[in-house]
Amino acid sequence: MTQPISLLLCALGGEGGGTLTDWLVDTARHAGYAAQATSIPGVAQRTGATTYYLEVFPVPLAQLGGRRPVFGLNPLPGRLDALVSSELLETGRQIANGLASAGHTLVISSSSRALTTAEKMVMGDGRRDEAPLLALIRDHSRAQHVLDMAALTREAGTVVSAVMLGAIAASGLLPFARTDYEAVVGQGGHAKASLRGFALAFDAVTRQREQARWVEQVMAESDDDAPLAAPATPAALLAPFPTALHDIVALGHARAVEYQNAAYGQRYLDRLQRVLEAERAGDPAAAQGFATTRETARWLALWMAFDDIVRVAELKARASRAARVRREVKAGEAELLRVYDHFKPGAPEFAALLPEPLARRVLAWDQRRVQAGQAPWALPLKVSSHGVFGLLALRTLAACKGLRARGSRFATEQALIERWLAAIERGARADARLGHELAQCGRLIKGYGSTNERGKDNLLHIVDHLADPARPDAASAVAQARTAALADEAGTALDRTLQQHGAPVRPIKPQPIRWHHNPRLKKQRV
């Protein structure tokens with residue numbers, strides 16, 4: 001007995017899931033097929049996902065002799081023909097509900113993510129690992145098409161529903177021609193953009209299907225199990241490192257070079273080689289995975305490229321940033337776009353670019369202002385980055401990389417980095433796990449301003465009081481302290497953990513004076 005083709009469409013709030021459903025129903029009617037759709041509103045882990053259930057009878061109405069098919073109103077677990085989702089975690093959520101099956105369901109999903117509230121609340125990196133989600137899709141689908149729908153949507157300047165429609169059309173699941181889809185999509189108010197998104201996804205899925213057919217054909221015709229050709233020889237700069245580390249080391253080196261210069265990139269490589277040697281010397285068997293060096297490579301690159309006013313100016317002056325802003329506001333090529341950037345650098349930001357003696361004098365002057373009852377000094381600026389003079393000002397500040405290397409903050413950051421790396425080296429030589437835990441402490445360094453300073457204070461306190469290789473529980477103590485430091489911003493959990501392991505709590509630092517604007521007063525101290 002011929003059964004309807006069932007699809008479950010999953011879109012986040014505001015992504016046009018209803019429009020996608022209407023397009024599919026209209027396409028079925030345009031092609032002469034019967035279809036029915038229902039929607040199930042719900043509140044998921046982000047902006048309120050709504051699922052849309054669609055059934056299409058695969059026999060044209062003209063061949064039914066006046067009969068009409070009977071459709072269902074909701075999907076049946078394990079009997080779904082297709083699961084289509086605009087977000088990777090949402091795809092996994094629907095699979096976890098039991099709707100998809102390995103023998104029956106085609107899964108079409110975006111590889112992009114919209115982070116959940118729970119992921120954003122974590123002080124460290126709270127993002128879900130994508131690998132288990134992709135494995136879940138492979139294990140619970142007869143076939144799958146995973147593509148970056150968010151990137152295709154941006155490229156086309158449309159909404160993700162048009163991209164999802166193109167992926168469905170190219171999958172061959174429904175008995176409609178491409179012209180049937182395009183005839184319906186071309187009727188909307190933003191037809192050109194929607195058709196661009198449709199075409200990009202259609203071509204992407206078509207390439208995936210052709211590649212899958214080619215792989216099946218090659219596997220069927222192959223009579224040997226010859227290994228694949230080895231990758232090209234790595235660059236000379238990567239030669240001292242194992243092949244397994246080339247990907248992360250190359251990324252970190254590129255970041256350091258872009259941030260400062262080639263010499264700074266070489267400093268990054270030299271530091272990593274020290275950690276690699278320590279890891280190999282400590283436990284050659286445990287070093288096969290090079291976990292300590294990999295973690296160090298990741299967090300060292302981020303720390304060495306710390307944010308300062310030069311970096312901010314450089315990022316805001318990039319042509320790619322201007323293009324991204326135009327895409328985000330959907331400005332046409334013939335439309336004028338004005339962008340104003342607001343800055344308020346204070347004495348610490350300017351002192352960071354000065355040599356240590358001058359920096360101390362500037363900070364002392366600002367501190368005297370605060371003690372006298374004045375607000376900390378700051379310079380409010382409004383820069384028209386769309387104009388010649390505003391962009392020139394940003395480019396001029398971005399060109400001050402040479403001042404950065406001579407500044408007080410640069411010297412301070414390098415000294416702190418060396419303290420962290422020295423602890424990793426000592427730990428890795430004595431205990432592979434201790435070295436790995438200390439390397440992961442690099443994630444404590446994040447943000448800017450007081451958040452960044454607090455992270456460095458926490459890391460160094462852990463290094464100074466818990467990272468002694470002579471301690472039998474050093475690795476466990478460091479791991480617990482790092483987890484506690486990421487648990488709450490105030491640091492109470494960290495202090496409790498430090499006391500549990502016999503270490504002193506962090507010294508109490510005087511809180512900076514906060515100022516609140518009152519329209520009746522010039523300033524009010526709180």
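## How α5 and α6 cross

Let's start with a helix pair: in this predicted model, α5 and α6 cross in a right-handed way. Helix α5 covers residues 149–156 and helix α6 covers residues 160–171. Their axes lie 9 Å apart and make an angle of about 115°.

Who does the touching here? On the α5 side the residues are Met-149, Leu-152 and Thr-153, and they meet Val-160, Val-163 and Met-164 of α6. By type, this contact of α5 with α6 splits into five nonpolar residues, one polar and no charged.

## The second largest pocket

Helices α5 and α6 turn up again in the lining of the second largest pocket, where each supplies at least two residues. Helices α1 (17–31), α8 (191–221) and α13 (319–329) also supply at least two residues each. The largest share goes to α5, with six residues.

As for numbers, this second largest pocket has a volume of about 1100 Å³, and 40 residues line it. Nearest its centre are Thr-153, Gly-157, Thr-158, Val-159 and Lys-330. Thr-153 is also one of the α5 residues that meet α6. The chemistry of the lining is mixed: twelve residues are nonpolar, 15 polar and 13 charged.

## A cavity lined partly by α20

Now for enclosed space. The structure holds one cavity of 30 Å³ or more, and the largest cavity comes out at about 80 Å³. Helix α20 (residues 449–466) gives the most to the lining of this largest cavity, namely four residues.

If you want to pull up the lining of the largest cavity in a viewer, select Met-123, Leu-444, Lys-446, Thr-451, Arg-454, Gly-455, Asn-458, Ala-485, Leu-486, Asp-488 and Glu-489. That set divides into four nonpolar, three polar and four charged residues.

## Arg-482 and its neighbours

Is Arg-482, a residue of helix α21 (residues 474–485), buried or exposed? Arg-482 counts as buried because its relative accessible area is 9%, and the cut-off for buried is under 20%.

What does Arg-482 touch, leaving aside neighbours within four places in sequence? Its contacts are Glu-437, Gln-440, Cys-441, Arg-443, Leu-444 and Ile-462. Among these partners, Glu-437 and Arg-443 are counted as charged, while Leu-444 is also found in the lining of the largest cavity. Ile-462, another contact of Arg-482, falls within the residue range of helix α20.

Technical notes. Residues are numbered from 1 along each chain as its sequence is written. This is a predicted model: local features need pLDDT of at least 70, side-chain atom pairs count only at pLDDT 80 or more; totals for chains, interfaces and linings use all residues. Side-chain values use heavy atoms; hydrogens and water are left out. Axes are lines fitted to C-alpha atoms, for helices over the stretch in contact, and angles run from 0 to 180 degrees between N-to-C directions. A crossing is left-handed if the near helix is turned anticlockwise from the far one by less than a right angle, and right-handed if clockwise. Contact means heavy atoms within 4.5 Å. Buried means under 20% relative accessible area, exposed over 50%, partly exposed in between (1.4 Å probe, protein chains only). On a 1 Å grid over the protein atoms alone, a cavity is a set of points where a 1.4 Å probe fits but cannot get out, and a pocket is an open set with protein on both sides within 12 Å along at least five of seven lines; lining residues have an atom within 4 Å of a point. Grid points are joined across faces, edges and corners, and a volume is the space filled by probe spheres set on the points.
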